[in-house]
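User: I am new to this structure and would like a close look at one part of it. Please take the side-chain contacts, and then the surface around them.

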Amino acid sequence: MSDFPSSKFDRGKIFAKTGLKVGSNYAKHYLKSLNKKNSSDKSSLHKQTAEQIFGELTKLRGTALKIGQALSIDQGFLPDEFAEVMTQTQYKVPPINRSLVRSIIKQELGKYPELLFKSFESEAIAAASIGQVHRAVLKDGRTVAVKIQYPGVRDTISSDLGLAKTLLRRIVNGKDELDEYFDEIRSTLLLETDYIYEGNTIDRFHERFANEKVTTPQWISEFSTQRVLTMTYLEGDHLSDFLAKNPTQEERNRYGQLLWDFFHDQVDDFDEIHADTHPGNFLLTDEGKLGVIDFGCVKKFPEEFFSDYLRLLPTHLQRDEEAIINLYQKLGVLKDHPNSSKKEMEYYKFCLNYGFTFAMPYEGDSFDFGDPEYKELIRGYTKNAPISNEPRGNKNFIYSTRVHLGLYHFLMKLEAEINTTDSRKIVQNAVESISEDT
Amino acid sequence: MNKKTDKKIRISDAAAVKYLENDRFTIASLADELDMEASEIYDFFPNRRSILQFYYEAAIIKYRRIITQIDDYSSFSMAEKLSTLALTLLDLFQENREFVKRTYPSYVVCKSGSTPFEKSLKQEIASIYKGDQKQSRAASLLNIEPIFELILYHFHGLIRFWLRDHSEGYQKTMELVDKWTAFVQEVNYSSILDRGFELAKFAAYQTPLKNVFSSSHNNTTTNE
């Protein structure tokens with residue numbers, strides 16, 4: 001039961017301590033390798049370092065933990081041992097003091113949980129970056145999930161982003177773009193702390209998606225405030241629990257298809273999109289449905305960006321290079337024509353090949369995400385991305401990539417074979433209809 | 001017994017509200033408000049001040065009742081129990097925040113000797129300390145009056161902080177309680193005190209170690 005470091009000083013100290021630990025681990029490793037000619041155990045070094053970073057990030061919760069989650073999704077950036085440990089940030093964070101939970105509920109809902117609910121589990125069933133979830137039973141018998149926001153978390157968003165921005169400003173060119181990215185992240189995170197907004201989103205998604213294939217919770221508004229969110233409880237396995245049961249290929253394909261279709265149905269609606277595709281936000285239910293359980297981060301992308309983003313898929317598959325260059329320029333990934341400089345050419349070549357690999361699932365009528373070669377290919381591109389100190393690309397890429405890449409990583413972990421016939425049509429229709437509208 | 005206590009609580013709660021309307025209210029006007037005879041109030045309290053002071057004692061009585069309703073209270077850690085004590089009292093005070101703001105310093109703190117509220121609060125703190133099974137051996141030796149007094153002193157500081165806390169839902173105070181109780185628990189659960197105690201014991205009783213210090217002392221005097 002750890003306390004929540006919310007002051008700028010506390011959080012800055014933890015950031016700095018994490019940096020020191022990482023530095024000292026690698027320095028020790030370097031010294032050891034000088035003494036021993038044979039390569040020492042780099043794997044255990046990665047794991048030790050990752051565990052320490054995870055330990056510190058979980059203390060910070062809030063924004064810093066969000067960074068941890070992002071790192072665990074984009075696993076290609078990290079060594080395997082690192083990504084494995086960082087994935088824990090998706091589910092396991094030390095919960096807050098049980099008495100604090102009671103007081104927050106009293107403060108927000110007017111009564112202590114033992115008076116408000118028929119039963120209330122004081123141990124959190126899940127603890128994540130912004131809040132933790134408790135299972136409870138309402139007096140009318142419905143089992144609910146009660147999400148409680150950590151006190152002071154809203155204030156830490158601005159201070160954490162301020163710290164990160166100060167650090168990045170020293171090493172990154174293009175400060176205006178950086179400001180734009182940070183503003184986007186700040187506004188999205190602040191919205192995530194508004195549980196009334198999330199409650200309304202739950203209602204909208206329930207209306208749109210609750211069907212024989214997808215299950216979503218229902219918002220219980222009378223037990224919700226800006227910092228406490230109550231919704232009906234969904235039973236099911238998280239991805240890691242599901243995989244631990246050694247599911248058949250048929251089962252893997254079924255759930256993979258549900259997630260793939262859920263994503264493309266959102267594209268088809270051209271409405272809000274669930275923008276937090278990490279495994280902690282999905283459940284695989286015994287009834288064979290896909291459960292979607294967290295609606296804190298949803299996005300409605302601007303039409304022009306969304307059209308251009310989706311257009312990248314067919315354009316890459318057609319290898320229409322002029323159209324590809326044009327799209328990347330429009331999307332801010334290329335600053336000039338690739339022929340104008342070596343740097344632009346380097347970016348372009350990378351984007352062309354990565355984009356093609358990314359579009360591959362849309363090429364035929366089915367795609368096997370379990371293919372180890374494809375996984376390696378995606379990881380390879382992510383690892384070998386041209387790293388520069390210059391932010392590039394439209395700010396909306398932050399979340400569009402998160403959704404799309406998150407989907408791929410989920411399916412690759414599931415090793416699912418997906419039927420992509422309908423999704424190809426959906427993407428094509430979306431591109432055409434948005435173009436007509438604009 | 002309960003009926004009598006409940007009546008006293010009802011009187012002091014009403015008095016706290018009345019105090020904000022008129023801090024020199026009469027017992028007769030309070031009795032009118034409660035639909036009872038003034039003599040009934042005098043059966044319990046000698047004067048207005050004692051009624052208002054009982055508001056704070058009543059908070060401890062309410063706290064004791066509330067914790068009996070928490071199913072897993074016995075499994076709470078020291079930090080959780082101290083947080084429950086502090087946060088429950090704050091929740092109760094929140095209902096009459098203005099009254100607490102105006103009377104806490106004079107009715108609870110600034111008085112020679114302990115007020116009944118302070119005595120009750122210290123009893124609760126002592127019971128949390130003494131009932132904790134995870135305390136380190138050395139820390140448990142410090143389950144003494146001055147330590148409880150120190151925690152009580154911290155609690156008064158917490159009330160002052162809370163009265164100045166304008167964050168929504170007094171979140172800053174919640175954070176302070178969380179940090180403060182986590183710290184107190186860390187001190188009490190840490191084995192560092194045990195290790196320090198063992199080291200001190202060893203240093204005090206072991207002859208060779210004594211000799212080291214005494215011989216160095218002798219050498220120093222010889223050199224001089």
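Analyst: What follows goes through the charged pairs, the ring pairs, the surface patches and two backbone angles.

The model is predicted. Start with charge. Side chains of opposite charge can pair when their charged atoms come close. Over all chains, the structure holds 35 salt bridges. Three of these pairs are described here, and then a network.

Take Glu184(A) and Lys299(A). Their side chains meet in a salt bridge, at 2.8 Å from N to O. Glu184(A) sits in helix α8 of chain A, residues 175-192, and Lys299(A) sits in strand β10 of chain A, residues 298-299, so the pair ties together parts that are 115 residues apart in sequence. Is this pair buried or exposed? Glu184(A) is buried, and Lys299(A) is buried too.

Now go to chain B. Lys18(B) forms a salt bridge with Glu33(B), and the closest N and O atoms are 3.5 Å apart. This pair links distant parts of the chain. Lys18(B) belongs to helix α1 (residues 2-21) of chain B, Glu33(B) belongs to helix α2 (residues 27-34) of chain B, and they are 15 residues apart. The two partners fall into separate accessibility classes. Lys18(B) has a relative accessible area of 11%, so Lys18(B) is buried, because buried means under 20%. Glu33(B) is at 48% relative accessibility and counts as partly exposed.

Back in chain A, Arg142(A) and Asp140(A) also meet through their side chains. This salt bridge is 2.9 Å from N to O. Arg142(A) has a relative accessible area of 37% and is partly exposed. Asp140(A) has 52%, so Asp140(A) is exposed, the class for values over 50%.

Salt bridges also form a network. Which residues are linked in it? They are Arg98(A), Glu123(A), Asp72(B) and Glu80(B). The network thus includes residues of chain A and of chain B.

Turn to the rings. A pair of aromatic rings is described by the distance of the centres and the angle of the planes. A search of the whole structure finds 41 aromatic pairs over all chains. One of them is Phe301(A) with Phe306(A), a stacked pair with 5.7 Å centre to centre and 25° between the planes. Phe301(A) is buried at 6% relative accessibility. Phe306(A) is buried as well, with a relative accessible area of 4%.

In chain B, look at Phe93(B) and Phe117(B). Their ring centres are 6.2 Å apart and their planes are at 50°, so this pair is tilted. Phe93(B) lies in helix α5 (residues 78-94) of chain B, and Phe117(B) lies in helix α7 (residues 116-130) of chain B, so the pair ties together parts that are 24 residues apart in sequence. Phe93(B) is buried, at a relative accessible area of 0%. Phe117(B) counts as buried at 2%.

Ring pairs also build a cluster in chain A. It links Trp260(A), Phe350(A), Tyr354(A), Phe358(A), Tyr362(A), Phe367(A), Phe369(A), Tyr374(A) and Tyr408(A).

Next, the surface. Chain B carries a nonpolar patch made of Leu141(B), Leu142(B), Ile144(B), Phe183(B), Val187(B), Ile192(B), Leu193(B) and Phe197(B). Together these residues have about 760 Å² of accessible area. Two elements of chain B give two or more residues to the patch: α10 (171-189) and α11 (192-205). α11(B) gives the most, with 3 residues. Leu142(B) is in the loop between α8 (137-140) and α9 (145-164) of chain B. At 39% relative accessibility, Leu142(B) counts as partly exposed.

Chain A has a negative surface patch. Its members are Asp368(A), Asp371(A), Glu373(A) and Glu417(A). Asp368(A) is placed in strand β11 (residues 366-368) of chain A. Asp368(A) is partly exposed at 33% relative accessibility.

Finally, the backbone. Most residues other than glycine have a negative phi. Asn246(A) has a positive phi near 50°. Its place is the loop between α10 (239-244) and α11 (249-269) of chain A. Asn246(A) is exposed, with a relative accessible area of 65%. Glu415(A) also has a positive phi, about 55°, although it is not a glycine. Glu415(A) is found in the loop between α16 (397-414) and β12 (417-419) of chain A. With a relative accessible area of 39%, Glu415(A) is partly exposed.

Key:
Residues numbered from 1 in each chain as written. Chains lettered and ligands numbered in written order. Predicted model: local features only at pLDDT ≥ 70, side-chain atom pairs only at ≥ 80, totals over all residues. Heavy atoms only, no water. Patch = residues over 30% accessible without salt bridge, like charges linked within 9 Å, V, L, I, M, F, W, Y side chains within 5 Å. Areas by Shrake-Rupley, 256 points an atom, 1.4 Å probe, with all protein chains shown as cover. Salt bridge = Lys/Arg side-chain N within 4 Å of Asp/Glu carboxyl O. Lys, Arg positive; Asp, Glu negative; His and termini not counted. Charge placed at Lys NZ, Arg CZ, Asp CG, Glu CD. Helix = DSSP H or I, 4+ residues; strand = E, 2+ residues; numbered from the N terminus. Buried < 20%, exposed > 50% of the residue type's maximum accessible area, 1.4 Å probe, protein only. Phe/Tyr/Trp six-rings, centres within 6.5 Å; stacked < 30°, edge-to-face > 60°.
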